[in-house]
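Here are a few notes to read alongside the structure. I hope they help you find your way around it.

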Amino acid sequence: MRTDLTTLAAVRNLGILAHVDAGKTTVTERILYATGTTHKRGEVHDGTTVTDFDPQERDRGITIFAAAVTCAWDGHRINLIDTPGHVDFADEVERSLRVLDGAIAVFDAVAGVEPQSESVWRQADRHGVPRIAFVNKLDRAGADLDRAVDSIRQRLHPAPLVVQLPIGVEDGFTGVVDLVRMRALVWDGDGDGAGPAVASPAVAGPVPEALREEAVRRRRVLEETVAELHPGALEEFCAREALSASTLASALRDLTRSGDGVVVLCGSAYRNRGVEPLLDAVVAYLPSPLDVPAVRGEHDGTGQRRAADPEAPFAGLVFKVNAGSTGRLTYVRVYSGTIEKGDTVWDPGTGRTERVARILRVMADRHDRLDRAVAGDIVALVGVKSARTGSTLCAPDAPLLLEPPVAAEPVVSVAVEARRATDTGRLATALARLAEEDPSLVVRTDAETGQTVLSGMGELHLEVAVEKIRRDGGPEVTVGRPRVAHRETVVGGVTGFVYRHVKQDGGAGQFAHVVLDVEPLGPEAGATGFVFRSAVVGGRVPQEYVRAVEAGCRDALAEGPLHGHPVTGLRATLTDGSTHVKDSSDTAFRTAGRLGLREALRACATALLEPVAEVTVTVPEDAVGGVLGDLAARRGRVGGSETRGGAAVLTATVPLAELFGYATRLRSRTRGRGTFTARPAGYAPAPGPVPAR
């Protein structure tokens, strides 16, 4: 049984993060090839990659579902998750980041930081995941490492620590100068990335004479930057006016793991150039499970920490469920302890016990059986029937509830129904399976229309979900036009609104008297959120009743006075009230808060809000005029434009409802050469009437 912590120190759990088409799946494929895990290089355009194994991923040429693989490098085991780059599948990234210890952020050397690059970077910030950066596609026309690094510095605000200098530019890119060890790494051969031919390993040698002066200058800049950020390095730098390779590497590791700096490497994954140094950096700089803080959880309201120790009680977090027709796989990150085949585990969220029938090491859609899994492992379990994404599994005699990943709120909805009435039951089963696998998909029945409504993160997200029903042998489905999630907000408040809740129907009655002020939350009409505060003095409303009033006010936000959409962007203040010695209770004041705020909202000036998206459109320069006109017709507000890599890049804020079908329209206007990405950007006032939900 493997229980020594030395082995655990040789584990790396990391993800690949990037904007769509930055090359992260190709990076993953080249990592698998370089480590000897695969013997033929898979290509996205051929549909032969290991991690994009789903038929829809291969048809569309994008990553849709996070896929886990395992490989080995330099005596270390690397558990790697290839995450989606499209904004519609950002929730897959969120769930993956929750269980990762580190990440490789991949950037396009031509485009630099792109919209979704920024989004996934912020997600990693929230989870405190250390990262290294890999500037990819240095062989492309217009590639510029310095420009890409500047975009990282300006838009993501880390301290970039560039440890390589490219040898050659664009088609002439053949290798890199390692600024830590001051040596050149050159890849021979055409490195065209095609076919089963063996890729040439990097050949180490002296720094080319033509680049020596520039390499020395950049090494000096790297040393000065590291010395400014790392006290130990500063001490040596002041004493010797230079840093040794060992001190520099140690400081880079510390800065990476603390998040104070980001090591930047470069290469061309497609050409098999730069992958081995990237793997060396993963081993050298990113943390092992022993280097990250002990996982936090709670039991009976008491906070606890559980260290990454195979001898500790078992605790793991479910981050993905695959409920296919052939069986159910539950993907788990083991944070502490050991789990063996046949063990019984406990789900503290549901209070149910589960028996583990099998434990599998995951290689995308292939699996190897294991007898056990220990702290630091990422595995799939067979036999766990009821655990959902975000569930904790732990030892029954050492209960612990871990914090689950937070599912994003859906922003787009479609009405779905089976084409044949006899398939209604099959559709309900298929939708339930979808929601079980992907918590960002929400299925509900509209109480007024009776329609089954499927909500998700975007048009593509819903399109993929419906197609998955069909491909998995489900019924034929009819889909209605997507409906976006509108909100209502307060634009003009009320002061001193009095509400009395009095109920007498025999026995103990109910009495609650509240006085509310309601006002907009912020000066902008698109402000979101809800703030409640109490300004009651003299104890006229006891504190326990104040909390009940707040709960009632939050209940009232579910339906607004205009069309029944949720209400946001307001502040409610409890200014006064009174109680009855016998008839007042939490229930009475919660009811008064709910009904009182509901009546107060009817007295306020309110407005409708619609979700908007920040859109980045990349088009040929000769198509800019038509694209701008189309954005204006969709009520888009253009925020800027620039020329990048010979194409025009437009940024605009567009109502989400106006983006349905935009991909087809953009292809038509640009003859298939235009692309766009969109990410949620909050809410804005909606013009004209909006139908009720």
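**Notes on helix 2 and its surroundings**

1. Let me begin with what packs around helix 2, bearing in mind that this is a predicted model. The buried residues of helix 2 pack against five strands and a helix: strand 1 (11–18), strand 2 (67–73), strand 3 (76–82), strand 4 (102–108), strand 5 (131–136) and helix 10 (275–285).

2. Helix 2 covers residues 24–34, and 10 of its 11 residues are buried, so the rest of the structure largely encloses it. If you would like to colour them, the buried ones are Lys24, Thr25, Thr26, Val27, Thr28, Glu29, Arg30, Ile31, Leu32 and Tyr33. After the helix comes Gly36, with a positive phi near 80°.

3. Now to the sheet. Seven strands form an open sheet in the order 2-3-1-4-5-11-6, and their pairing is mixed. Strand 2 and strand 6 (160–162) are at the edges with a single partner strand each, so each has one side without a neighbour in the sheet. On average, neighbouring strands here are turned by 30° against each other, ignoring direction.

4. For a closer look at one pairing, try strand 1 and strand 4. They run parallel and are joined by five bridges. Leu14 has Gly102 of strand 4 as its bridge partner.

5. Helix 10 deserves a look too. This helix lies across strand 1, strand 2, strand 3, strand 4, strand 5 and strand 11 (262–266), and runs at about 170° to strand 5.

6. Which residues touch the most other members of the largest nonpolar core? Out of 50 residues, they are Ile31, Ile104, Ile132, Val226 and Leu252. Helix 10 contributes the most to this core, with seven residues. Another core, of 33 residues, lies apart from it and includes Val466, Val615, Ala648 and Phe660. As background, nonpolar side chains in soluble globular proteins tend to be buried together.

7. Ile132 is a handy residue to click on. Setting aside neighbours within four places in sequence, its contacts include Ala103, Ile104, Ala105, Thr256, Val262, Val263 and Leu265. Also among them are Leu278, Ala281, Val282, Tyr285 and Leu286.

8. Finally, a word on confidence. The chain has a mean pLDDT of 88, with 94% of its residues at 70 or more. Over residues 193–198, however, the pLDDT is below 50, although this stretch has 15 contacts in the model beyond near neighbours in sequence. Where pLDDT is low, the predicted coordinates should not be read in detail.

Key. Residues numbered from 1 in each chain as written. Heavy atoms only, no water. Buried < 20%, exposed > 50% of the residue type's maximum accessible area, 1.4 Å probe, protein only. Helix = DSSP H or I, 4+ residues; strand = E, 2+ residues; numbered from the N terminus. Contact = heavy atoms within 4.5 Å. Core = buried A, V, L, I, M, F, W, Y, C linked by side-chain atoms within 4.5 Å. pLDDT = per-residue confidence, 0-100. Pairing = 2+ DSSP bridges. Axes fitted to C-alpha atoms, helices over the stretch in contact; angles between N-to-C directions.
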